[in-house]
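Q: I'd like to learn how to read a protein model, feature by feature. Could we go through one together?

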Amino acid sequence: MKNLINLLVVILLFAIWHQEIQRFAFSIAAFVVAIILVTREIIQCFIGFLYISSSTPFRVGDWIVVGGHAGEVTSTDMAKTTLLEVDLSTYSYTGKSLFIPNLQLITLPITNLNYMKRYVNHSFFYIRESLTINPFVIKTALLKQAKKHCAEFKDVAERYNSMIENRLDIKISGPEPSVSFESTELGKTKVVFSLFCPTEQAQAIEQKMLEQCIKLFISEEKKQLQLNTITPSS
């Protein structure tokens, strides 16, 4: 009888206060939803931290590209990943720090450029209007100069190239340098260089090759000019 009376009291109270209880439940639900909306990005950052911790797409010290931003990973925590920005055109540090929320690591593609930290397939070109000479006559000299600049690290480059191919299971260009010729839309000669070289030496080798290329073009143009000025009587 005591239990029955208690049950009847509970049913009676619920019947009287069911609207208030319903409003209270709705208030609690609305409060929980508001908290979730306010902390959504924080929750996503935490999920992003769990994602990079479990899948390990990169490690501290790796070069990565996220959302068009490139840099070296210096630290990661539950909220963000810190990068030391790298200019991929010169392979040098800009001195800026990037703070990327971990939620972007879930929604944006991550490109790991760790192999470029030591060696890189560096490509560059030189455009010149050379209507009076055949640019292919300087190709052998350019290749000779490129191999000369790459001779000091040739053995290391070959081993590193093989290591990258075995690790990534792909074929990459190199380590032998290459020189090719193309034509621009305006009919100018475009000399394209491709070198597999240490990242820190890429810019220096590029400047040396461009200097040599310009000298060879000028030399050939002078030779052609001298031939054109020679008269049949001479």
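A: Gladly! A residue counts as buried when its relative accessible area is under 20%. The model here is predicted, and in its protein chain buried residues make up 30% of the 234 residues.

Q: Which secondary structure elements does the protein chain have, and in what order do they run?

A: There are six helices and eight strands. Starting at the N terminus, the order is α-α-β-β-β-β-α-β-β-α-α-β-β-α. The chain's radius of gyration is 33 Å, well over the 17 Å that the globule rule gives for 234 residues, so the chain is more spread out than a compact globule. The C-alpha trace spans about 135 × 40 × 30 Å along its principal axes.

Q: What share of the contacts between residues at least 6 apart in sequence join residues at least 24 apart?

A: In this protein chain, that share is 63%.

Q: How do I read the backbone at Thr56 and Tyr91, and is each buried or partly exposed?

A: Look at phi, then at the surroundings. Thr56 has phi near 45°, a positive value in a residue other than glycine. Thr56 sits in the loop between helix H2 (40–55) and strand E1 (63–66), and is partly exposed, at a relative accessible area of 48%. For Tyr91, phi is near 55°, again positive in a non-glycine residue. Tyr91 belongs to the loop linking strand E3 (80–87) and strand E4 (92–101); with a relative accessible area of 13%, Tyr91 is buried because the cut-off is under 20%.

Q: And what supplies the exposed surface?

A: Carbon and sulfur atoms supply 61% of the roughly stated total, about 15,400 Å². As for charge, the chain has 23 positive and 21 negative side chains, with the centres of the two sets 2 Å apart.

Terms used: Residues numbered from 1 in each chain as written. Predicted model: local features only at pLDDT ≥ 70, side-chain atom pairs only at ≥ 80, totals over all residues. Heavy atoms only, no water. Helix = DSSP H or I, 4+ residues; strand = E, 2+ residues; numbered from the N terminus. Buried < 20%, exposed > 50% of the residue type's maximum accessible area, 1.4 Å probe, protein only. Rg over C-alpha atoms; globule rule 2.2 N^0.38 Å. Contact = heavy atoms within 4.5 Å. Areas by Shrake-Rupley, 256 points an atom, 1.4 Å probe, with all protein chains shown as cover. Lys, Arg positive; Asp, Glu negative; His and termini not counted. Charge placed at Lys NZ, Arg CZ, Asp CG, Glu CD.
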